[in-house]
Amino acid sequence: MLPPRPLPAAPHGARGFTLIELVMVILLVGILAVFVLPRTDLTRGFEEVGFQDAVRATLEHARKSAVAERRNVRVSLAGNNLTLTIDNVGPEDPGAGSFPRQLALPTPDRRCGGAAHQLCAPPGITLGGPATLDFSPLGRASTAATYTVTDQPDINVVAETGHVR
């Protein structure tokens with residue numbers, strides 16, 4: 001068996017990092033990750049945009065349901081929650097306008113605690129707009145409305161057509 005060869009020496013003037021320097025850098029990056037990253041809320045903007053999209057989709061669902069069911073649909077705003085209700089009878093029948101039945105959303109909002117007809121804002125996000133907005137069986141809104149979500153562009157409902165933009 002041959003004797004082991006010695007490792008070649010580094011050329012004069014070669015530069016590099018020692019193992020201790022590399023471990024210290026990794027340790028400092030780990031400490032910064034533990035203390036700095038939890039203080040930066042990286043999902044804040046995404047929640048606002050997502051909730052604005054959900055409000056727009058809920059208003060469009062209310063309008064389309066009014067047309068499809070040939071019933072009046074009411075969108076109610078209480079606090080930061082949108083609630084959908086629908087009439088049992090047509091608009092010209094006796095008893096119209098009482099909105100006794102809940103209108104379920106296509107995808108229930110998990111933040112509302114199981115209510116299938118409500119859309120609830122995430123914590124720290126506010127929703128503003130009219131207390132009630134009705135859609136007729138023709139898809140028209142009872143009045144022009146503007147809904148606002150924290151730090152997002154307004155959502156407008158056109159009275160004549162019920163179009164949500």
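User: How many bridges pair β7 and β8, and in which sense?

Analyst: Quick background: this is a predicted model, where local features need pLDDT of at least 70, side-chain atom pairs count only at pLDDT 80 or more, and totals for chains, interfaces and linings use all residues. Residues are numbered from 1 along each chain as its sequence is written, and side-chain values use heavy atoms, with hydrogens and water left out. Strands here are DSSP runs of E with at least two residues, helices are runs of H or I with at least four, and both are numbered from the N terminus; two strands pair if DSSP finds at least two bridges between them. On that basis, β7 and β8 pair in the antiparallel sense, over three bridges.

User: Which residue in the β7 and β8 hairpin takes a positive phi?

Analyst: Look between the two strands, where the hairpin has five residues. The one with a positive phi, near 55°, is Asp151.

User: Gln152 is in the loop between β7 and β8; is Gln152 buried or exposed, and why?

Analyst: The cut-offs go by relative accessible area: buried means under 20%, exposed over 50%, and partly exposed in between, using a 1.4 Å probe and protein chains only. Contact means heavy atoms within 4.5 Å, and Gln152 touches Glu48, Val49 and Gln52, leaving out residues up to four places away in sequence. Because its relative accessibility is 19%, Gln152 counts as buried.

User: What is the strand order in the open sheet that holds β7?

Analyst: On one side, β7 (residues 145-149) is joined to β5 by two bridges, antiparallel. Leu127 sits opposite Val149 in β7, and Gly128 sits opposite Thr148. Over on β8, Ile155 stands opposite Tyr147. Put together, the three strands make an open antiparallel sheet in the order β5-β7-β8.

User: Which strands stand at the edges of that sheet?

Analyst: In the order β5-β7-β8, the edge strands each have a single partner strand, so one side of each is left without a neighbour in the sheet. Those edge strands are β5 (127-128) and β8 (155-157).

User: Which β7 side chains point to one face and are buried?

Analyst: In a regular strand the side chains alternate between the two faces of the sheet. β7 does alternate: Thr146 and Thr148 point to one face and are not buried. Pointing to the other face, and buried, are Ala145, Tyr147 and Val149.

User: Which element gives the largest share of the largest nonpolar core?

Analyst: A nonpolar core is a set of buried Ala, Val, Leu, Ile, Met, Phe, Trp, Tyr and Cys residues joined through side-chain atoms within 4.5 Å. The largest one has 26 residues, with Val55, Leu59, Val75, Leu133, Tyr147 and Val157 making the most contacts inside it. The elements giving it two or more residues are α2 (44-69), β1 (73-78), β2 (81-86), β6 (132-135), β7 and β8. The largest share is five residues, and it comes from α2.

User: Which residues does Val55 touch, leaving out those up to four places away in sequence?

Analyst: Val55 is among the residues with the most contacts inside that core. Its partners are Leu82, Leu119, Leu127, Val149 and Ile155.

User: How many residues of β2 are buried?

Analyst: β2 pairs antiparallel with β1 over six bridges, and Leu84 in β2 is the bridge partner of Val75. Three bridges join β2 to β4 (residues 118-120), antiparallel, while β2 also pairs with β3 (residues 101-102) over two bridges. β2 is largely enclosed by the rest of the structure, because the buried count is five of the six residues.

User: Which turn residue has a positive phi in the β1 and β2 hairpin?

Analyst: There are two residues between these strands. The one with a positive phi, about 65°, is Gly79.

User: What is the relative accessible area of Asn72?

Analyst: Asn72 is in the loop between α2 and β1. Leaving aside neighbours within four places in sequence, its contacts include Thr85, Phe99, Phe135 and Pro137. Asn72 is buried, with a relative accessible area of 14%.

User: Thr143 is in the loop between β6 and β7; how does Thr143 count by accessibility?

Analyst: Beyond its neighbours within four places in sequence, Thr143 is in contact with Leu133, Val157 and Ala159. Because its relative accessibility is 38%, Thr143 counts as partly exposed.
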